[in-house]
Each structure stands twice: as C-alpha cells, then as structure tokens.
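Q: Could you take a close look at the side-chain contacts in this protein with me? I'd like to go slowly, one contact at a time.

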Amino acid sequence: MADHIPDMDYDADEVIENFKSKFKWPSKNEVEVVVKPPKLGLKICLSILITVIISAAAYYAIYPAMNPKSGDFYSFIIGIIIVFCMSFYLLIGARTKVERKEYAKKQAKFPIIIVGVIIVVMLVGYLAGATLFRAHSYSKLMSVTSSDFSEDFEQIKYDEVPRLDSATAKILADQKLGKLDKYKSQYVVTQNSTQINYKGKPVRVAYFEYANVLKWLNNTKNGLPAYMLIDLVSQEVEPIDCMEKFGEGIKYSPTELFNEKLLRHLRFQYPTAILDTPNFEIDDSAHPYWITPVLDKTIGLFGGTDVKGVIITDALTGESEYHSIDDVKTDKSLNWIDVVYSESLVIQQYNYYGKLSGGFWNSIIFQNDVNIASNGSGNIALDDDVWVYTGITSTESDSSNFGFVLCNQRTKETRYYRNGGATELSAVESAKGAVQNYGYQAIFPILLDIEGQPTYFMSLYDASYNIKGYALVKLDDKTVVGTGLVDVEKTDVKALNAAVENYINALKDKGMVDADVNADDYKADENSENAADKNDDGNKTESKAKTVKGEITDIKTSVNDGNTVYYLQVKGKYYYIKAVDEMNVILLKTGDTVTITYEKDADNFIPATSVE
C-alpha cells in the first residue's frame, strides 16, 4: 500500500513560485516585441514632409555650402537625418508604445550607419589634410621671394601714406554721420571698412548699417542710401549719396534681412561655393560693389584654405559675376579690385611657410629656421595695390623682428625683406614714450624709407581719436625717434615736417646719416594745406582762405589737453580757436564785431586760423 502513496517530500513555496512563473507576463527586458505600425507608408511620407520643411527653413537660416569640402555640408546632412528619425519616431507612437519603440530602433540601424560613414569620411578627410602628415604641402601654399627694401620703398612718400587706421577712420566717419541729419537717426557706420586705392589715393570705404530692426523696417524698401569715403591722408570724410549719384540705394548688404541679406543672396546664386567674408569696394566711378572671395580646400578634405576666385556683386542691383583668381590677377579691367586675400588668410599662409618648410617635427622640436608673423599687421599702397605689412619674428621671441613681408591682397605676391629691428608694438611704445606727457596713442606703424633707413611711421591721436601729431622710429634702433605735434606746430603739415626734421636730426646725432643731409628734401609743401580736393586730372586746385565778419552772439569755452579753446558764434555757426594761437579772444565779449579767417567750412563747428 505504501507503493501507492505519493512522495510528499517537497517545498510548498517552491511549488507555488513555479506555478506563478508559468502565468507571469514577461517584462520588456525579457522579450522583444516588434510590431509594424499601422499606415506605415503615410507616416513615412509625413516624416519626409516634416524633414523637408524643417531642412528648408534651416537652409534658409544658415545657408551652408553644398560642397563636400565644407564641414557645414556634413553637419547639415547629419541634421537632416536626425530630423527625419525624430519625426518618424514620434509619428509611429514609439514614445508611448514599447512595441513601436522596438520597431523604431530596428529601422534606425540604416540611418546610424549613414551617420557613421559621414563621420568616418570627415575624420579621414581631416587626417588627410593634417599638418602632421602634409607639412610640405602647407608650406607651399604661399610663394615668398626676397626683395630689396630701398628699391621697393623708394616710391612711397611719407606725406602720402595713410595717417589713419581702421579705428580712427571709424571715429571720423561716426563724427561725420552725426552731422548729417537725414542719416544719423536711422543708420550707423559699420566696423568693417575696407582700405583700397581710389584714384591713386589710399582711402577706406565704410557702408552703413541699420541702427536697429525698426529702422530696417522703415528704410529697407529703398536700401542703404549712402556710404562713407574716408581719405586716409587728408583725413577728410565724404558721404557718397547713392540715391543722388546712382538713383538707388544699396539693396544688398550684410545688414539686410531675408533675400537681400548678401551671403544668402549669393548662396542662392552659387549653392556650392565656399564663401569668405565679403569686402565692400568701389570702382573708379565710386559705384559700390561687394567682392566676395570663393575659397577652396587644397589639402585633404578640409585643409589648405586658399582663394580660387571672386564673386563681384553690384551692391545696388544684386547682379553677380564670378571670376577665377587667374582672371583677377591678369585682367586689367579688374585692377580696380584691391582686396581678394584677407589679412588673416595671408598671415596664416605665411605662418605655414615659416613654420613648416622644414617639416612638422622640426617646427615642434628642433625649430631650425622657423619663423612666424609678429603680432599685428598694417596696410600700405604700393604699385596701385594694397599690401599687407607684418614683421617676421621667431617663435621664441617677440621683442624683435629679423625681417618683414609685404603681401599683395589682390594677387598674393609676397616679398620678404631682411631688415630686422624692433617689433611694431615696440615702436609704438617708443613713440608713445616720446610724448608721454600728452598721453597720446599711436596707430599701427607703417614702414618707410627715410634716407636709406627703414623707419616706422605712425600717427598720434588723443582720447577723442583726433590726430594730434606724428612720430618716426628707426627700425633697428627704437631709441631714435622724431615727433611733431599739431598743437605745437599749429598745422597738420607743419607737424608732419617737424617729425621728419627731428628724426633726421636724431639720425645725425648718432652718426647714422651724413651731416649734410637736408631734411627739406623730405618735407611736404606747407601750402598744400590750403589745397582743395584733386580735380579730374589728379592735380590739386588752390583755394584761398575764407573770412566771415559779424557780431558775436555767443561765447563758449572748453579745455582740451590743457589748452583753452574759445567758441565764437557768428551768423549762426561756431568758430573755434585756441587761446594760445590767438590771445585776443580772451578779451572778446558778446556783441563785439569780429572778422574770422578760416579754411574749411563745416555744418556747425569750424576751426578758425585768426580772429580780428
């Protein structure tokens, strides 16, 4: 009978758990449920539609170049894939249903593979153009030839070089705009002026920008009405009214929005072009254009940036025309273009040349014959082109230069000069030290030839960015300094002549030039200050001093740099003169009749040369 009794030797809890496990629903981690979403075709189409709309909006907003040599191209493609995947994920309900989420994961394998391939292509392209592997190619981006300083700089006259840099030119343009009632409340002058040669003179041209979005709404229909032409020698600012001169305003510019925004306008015309920053220039008739360099990556996929052409865009109509870089260099009809290669690009390419000519590891470890551009750069006019000037120094020292280079911004011709000495910033400090009692600042210096001596030339300006004098500093001996101050010499040209005379005397004192060197050979014509603008033949036309006679209706005074200035209101305008220049003004009172002599007219405040 015992054989028929079941074995009762078991754990009841274990039996119950085994029983329950047979009816327990598995967790999502224990099973993969893949369910094809309903209406899949429709949801794919909707995902594509959403992707197209968002991608089109993104393309309009950031307008990337559709070029495999542009990193933005790959970023844009990856962005499109991400937008499609997210749209599809949400439309099939994968956010709330686990079986749809598993389906989305399964289908995401293909887009992930595409993104992975893109990243691999970018990585390989970057490595193929890395300086570690392609140092020799980078060093060949720029061709540098040695040249003779005295021969090349002989034609550059110190009284014809720029006396303003971009910062001081901007201040003068702002001051001029403040006097033009029809412009000043609606526009501001851009920070991005361009130095060019205009009718044989170095000038800067600066376009207007809308003061704010509301001013854009109020004026965009007619475009920007004018631009500023700043003469870097005479320091005169002339507003060029495009509405009056050409019958229409500047419709396309970086300050516009929507389709008239310059780079967006160019992108729609040239979808594959890699565009550099546009430069604002004018031709010989003062017609405004945008010169936009088109870049190429010549080493690997992303390395070796160089210019392969330019797009010339009419700033008034938006019509554009592409020219290869060879055309720009050889076609004489395009010689009016001055800036194709930016300062940053040519300096970068010179640094590749100076650092990598001996190989990558030499630039890091041994550093034999390694050199780079010094901090800062300037511009000079030479051979009717604009050239970038910068000193050359070693990677281990910033206290001196052992040479300098000039690079043509239109052709990229680069000349190296073996004339060493103080860095530009050291020369600036020497000039400031010579006039430290006045607290003047100095613009970035320009290198000139004075009696065979490489010499830094710079303008001195006060806290209000008014040019107050000039300084000359010897390249290889920064203790040799000559200065001339407007407040002392009374006029700008006399201050310029005083600077060169004091400099040549300093050279004589140190025996660096012959004792019979005559400073008068270098002096500018002091009568030229009474000269008006050049006529169409490029010859100056003389203008006589002007006078105004009338009763003083108001007298105001101010103290500038320790000098008391008197402002006399006669016939609605204020004529000002320093007390040290005309002591009689301290005796004048309201109601007195005076005769005031002046040279240049102005809207409100006019500098006087004498008061009787």
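A: Here is a walk through the side-chain contacts, from rings to charges to sulfurs, ending with one small hairpin. Keep in mind that this is a predicted model.

Let's start with the rings. A pair of aromatic rings is described by how far apart the centres are and by the angle between the planes. Searching the whole structure turns up 30 aromatic pairs. Take Tyr389 and Phe404: their ring centres are 5.5 Å apart and their planes sit at 65°, so this pair is edge-to-face. Where do the two residues sit along the chain? Tyr389 belongs to strand E14 (residues 385–393) and Phe404 to strand E16 (residues 403–408), so the contact ties together parts that are 15 residues apart in sequence. Both Tyr389 and Phe404 are buried.

Now compare that with Tyr575 and Tyr598. Here the centres are 5.4 Å apart and the planes are at 50°, so the pair counts as tilted. This one also links distant parts of the chain, with Tyr575 in strand E28 (residues 573–578) and Tyr598 in strand E29 (residues 593–598), 23 residues apart. Tyr575 has a relative accessible area of 5%, so it is buried. Tyr598 is buried as well, at 8%.

Go back to Tyr389 and Phe404 for a second, since they are part of a group. Together with Phe149, Phe153, Tyr417 and Phe444, they form one aromatic cluster.

Rings can have charged neighbours too. Look at Tyr60: the charged end of Arg264 sits over its ring, 4.4 Å from the centre.

On to pairs of opposite charges. The count of salt bridges comes to 18. One of them joins Glu244 and Lys182, whose closest N and O atoms are 3.7 Å apart. Glu244 is in helix H11 (residues 242–246) and Lys182 is in helix H9 (residues 181–184), so this bridge ties together parts that are 62 residues apart in sequence. Are these two residues buried or exposed? Glu244 has 64% relative accessibility, so it counts as exposed. Lys182, at 53%, counts as exposed too.

The next bridge involves strands. Lys201 and Asp231 meet through their side chains, 3.4 Å from N to O. Lys201 lies in strand E4 (residues 201–210) and Asp231 in strand E5 (residues 226–231), so parts that are 30 residues apart in sequence are tied together. Lys201 is partly exposed, with 23% relative accessibility, whereas Asp231 is buried at 11%.

Another salt bridge brings Asp477 and Lys510 together, again with 3.4 Å from N to O. Asp477 is in strand E23 (residues 477–485), while Lys510 is in the loop between helix H18 (492–509) and strand E24 (531–534), so the pair ties together parts that are 33 residues apart in sequence. What about burial? The cut-off for buried is under 20% relative accessible area. Asp477 has 19%, so it is buried. Lys510, at 44%, counts as partly exposed.

Salt bridges can also join up. Asp152, Asp383, Glu413 and Arg415 are linked in a network of them.

How about the sulfurs? A search of the whole structure finds zero disulfides. Cys45 shows one case: the closest cysteine sulfur, in Cys85, is 16 Å from its own, which is too far for a bond. Cys45 is exposed, with a relative accessible area of 51%. For Cys242 the relative accessibility is 0%, so that residue counts as buried.

Last stop: the hairpin. In a regular strand, side chains alternate between the two faces of the sheet. You can follow this in strand E8 (residues 279–282), where Asn279 and Glu281 point one way and Phe280 and Ile282 point the other way. All of these residues are buried. Strand E8 is joined to strand E9 (residues 288–299) by four bridges, and the two strands run antiparallel. If you want one link to find on screen, try Glu281, whose bridge partner in E9 is Tyr289. The hairpin has five residues between the strands, and Ala286 takes a positive phi near 75° there.

Notes. Residues numbered from 1 in each chain as written. Predicted model: local features only at pLDDT ≥ 70, side-chain atom pairs only at ≥ 80, totals over all residues. Heavy atoms only, no water. Phe/Tyr/Trp six-rings, centres within 6.5 Å; stacked < 30°, edge-to-face > 60°. Buried < 20%, exposed > 50% of the residue type's maximum accessible area, 1.4 Å probe, protein only. Lys NZ or Arg CZ within 6 Å of the ring centre and 35° of its normal. Disulfide = S-S within 2.5 Å. Salt bridge = Lys/Arg side-chain N within 4 Å of Asp/Glu carboxyl O. Pairing = 2+ DSSP bridges.
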